[in-house]
Amino acid sequence: MIDFQKKWEEDLSEGQKGERVVSEYFTKRWGLTGITFNDNSDYDFKGSKGDRTILFEVKTDRYEYFKGVNTYNMFIEISCSGKPSGILTSKAEQFVYYYPDLEEMYIIPMTELRLLCILEDLKLTEQSGDKGKTKGYLLHRNLFKDRFKVFEVKKDEELWKNKD
């Protein structure tokens, strides 16, 4: 039987690792400063570039690695427990989908991602994650790759070492 609390804690830990990796990337490559992390659903972290503060939403995905399959899907959450969530409630300006095991990071402005989900014929999944209480769109990363900025982010093997 699945221990949902343990799985949730593991997923949270993986997500926080991804947020750190992504924030470090933006610090080193784009000169983002003043990084602070958030612990509510408004955004994951924020940083400054010049006099502008930018809010980021980060989704870290290791599903393909753990399941040993290539789905090519990004899961874009829109509701949980019957309430709007994910991209519908986030205040972030930038959405980042990070695949540590593929060493790829996909970035898109949140407004463009919302439009993409509305205008394209994406599959809506129900009964996903969090005890089957989450809904979201499946976005095929290869079909829509041209809508994202895609960057290589080398994997830190020690950070992502699996616990057996």
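This passage describes the burial of helix α3 and the salt bridges in a predicted model.

Helix α3 spans residues 110-119, and its buried residues are M110, L113, L116 and C117. These four residues lie on the same side of α3, because they cover an arc of only 120 degrees around the helix axis. The opposite face, turned away from the buried side, carries the exposed residues T111, I118 and L119. Several strands take part in covering the buried residues of α3. Among them are β3 (52-60) and β4 (73-80), together with β6 (94-99), β7 (104-109) and β9 (134-140).

Across the whole structure, 11 salt bridges were found. One of these pairs E14 with R62, with 3.0 Å between the closest N and O atoms. E14 belongs to helix α1 (residues 4-30), whereas R62 is located in the loop between β3 and α2 (63-67), so this salt bridge ties together parts that are 48 residues apart in sequence. Both partners, E14 and R62, are buried.

A salt bridge also links the side chains of D101 and K155, with an N to O distance of 2.5 Å. D101 is in the loop between β6 and β7, and K155 is in the segment after β10 (149-152); the pair therefore ties together parts that are 54 residues apart in sequence. The two partners fall into separate accessibility classes. D101 has a relative accessibility of 23% and so counts as partly exposed, since the buried class is limited to values under 20%. K155, at 16% relative accessibility, counts as buried.

The loop between β6 and β7 and the segment after β10 are also joined through K154 and E103, as K154 lies in that segment and E103 in that loop, so the pair ties together parts that are 51 residues apart in sequence. In the K154 to E103 salt bridge, the closest N and O atoms are 3.7 Å apart. K154 is exposed, with a relative accessible area of 58%, while E103 is partly exposed at 21%. Salt bridges that share partners also build a network, in which E14, K17, R62, D101 and K155 are joined. This network thus contains both residues of the E14 to R62 salt bridge and both residues of the D101 to K155 salt bridge.

How values were computed:
Residues numbered from 1 in each chain as written. Predicted model: local features only at pLDDT ≥ 70, side-chain atom pairs only at ≥ 80, totals over all residues. Heavy atoms only, no water. Buried < 20%, exposed > 50% of the residue type's maximum accessible area, 1.4 Å probe, protein only. Helix = DSSP H or I, 4+ residues; strand = E, 2+ residues; numbered from the N terminus. Arc of directions from axis to C-beta. Contact = heavy atoms within 4.5 Å. Salt bridge = Lys/Arg side-chain N within 4 Å of Asp/Glu carboxyl O.
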